[in-house]
Amino acid sequence: MIQGAIFDMDGLMFDTEPIWTEAWVPALAEFGLEIKEGLADACRGSSDESCVATLKRFYGDDTPGQEIMNTLRRLAQDMIAGDVRKKPCLDEILNYLSEQGVPCAVASSSTPQLITTCLHEAGIDDKFEATLSGMDMEHSKPHPEIFLKAAEALGTDPAQTLVLEDSYAGVRAGAAGGFITVMVPDMVQPDEEISQLYTACCHDLGEVRDLIAAGKLG
């Protein structure tokens with residue numbers, strides 16, 4: 001049995017990635033910009049710092065990247081609040097892990113406020129012993145810092161700790177930290193590189209639960 005489990009949030013626990021993608025359009029429009037193909041995918045699962053660099057790569061060095069990110073987060077958080085939709089089998093896997101005595105943490109690139117709001121509205125805030133935001137980290141995914149700190153908070157060995165992710169950046173971070181990394185794709189499917197990094201790829205969280213119960217993870 002695994003020692004602990006670390007959950008990403010957007011796109012993994014909640015069906016919020018389409019909202020983030022939608023929010024890019026009005027956020028950029030406030031600065032007279034139109035969304036470019038590939039921007040949302042390039043920023044998915046990343047911190048503001050990483051997204052600012054991506055914005056400058058897409059639109060030029062004089063792009064007000066942090067101001068755009070502030071606007072994006074404000075719009076997305078307003079759209080998400082009050083409409084938190086759980087991904088399939090989220091309750092089932094959390095209940096199973098709780099029954100097995102496996103401690104859980106959230107490690108998300110979202111703000112601490114949004115993490116707290118989503119967990120509370122979904123009624124699952126009591127299922128997690130720790131919540132970590134990428135906004136409080138020195139390095140963003142694909143750097144493994146947030147997962148390593150989550151494992152430290154749980155008191156678990158990364159090699160015996162499950163990381164659940166839907167994004168490329170998250171899978172890269174889990175693999176870099178030496179975690180048992182499982183991808184549950186949401187907006188993007190794994191490519192050849194990502195397929196070489198994860199331990200398993202599952203259709204939904206119910207399939208992850210079944211693999212844990214069968215002793216096939218950890």
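This note goes through the open and enclosed spaces in the structure, which is a predicted model.

1. The largest pocket is a good place to begin, and it holds about 210 Å³ of space. Its lining is made up of 14 residues, and those lying nearest the centre of the pocket are D41, A42, R44, Y168 and A169.

2. When the lining of the largest pocket is traced back to the helices, helix 2 (39-43), helix 3 (48-59) and helix 8 (168-176) are each found to supply at least two of the residues. Sorted by class, the lining of this pocket comprises 5 nonpolar, 4 polar and 5 charged residues.

3. Turning to enclosed space, a search of the whole structure for cavities of 30 Å³ or more finds 1. The volume of the largest cavity is about 240 Å³, and among the 20 residues that line the largest cavity, E17, W20, C43, R44 and G45 are the closest to its centre.

4. The lining of the largest cavity draws at least two residues from each of helix 1 (17-29), helix 2 and helix 4 (65-80), and the largest share, 4 residues, is contributed by helix 1. By class, the residues around this cavity divide into 7 nonpolar, 7 polar and 6 charged.

5. A careful reader may wish to look at R44 in both settings, since R44 is listed among the residues nearest the centre of the largest pocket and also among those closest to the centre of the largest cavity. Helix 2 can be followed in a similar way, as it supplies at least two lining residues to the largest pocket and at least two to the largest cavity.

Note on methods: Residues are numbered from 1 along each chain as its sequence is written. This is a predicted model: local features need pLDDT of at least 70, side-chain atom pairs count only at pLDDT 80 or more; totals for chains, interfaces and linings use all residues. Side-chain values use heavy atoms; hydrogens and water are left out. On a 1 Å grid over the protein atoms alone, a cavity is a set of points where a 1.4 Å probe fits but cannot get out, and a pocket is an open set with protein on both sides within 12 Å along at least five of seven lines; lining residues have an atom within 4 Å of a point. Grid points are joined across faces, edges and corners, and a volume is the space filled by probe spheres set on the points. Ala, Val, Leu, Ile, Met, Phe, Trp, Tyr, Cys and Pro count as nonpolar, Asp, Glu, Lys and Arg as charged, and the others, Gly among them, as polar.
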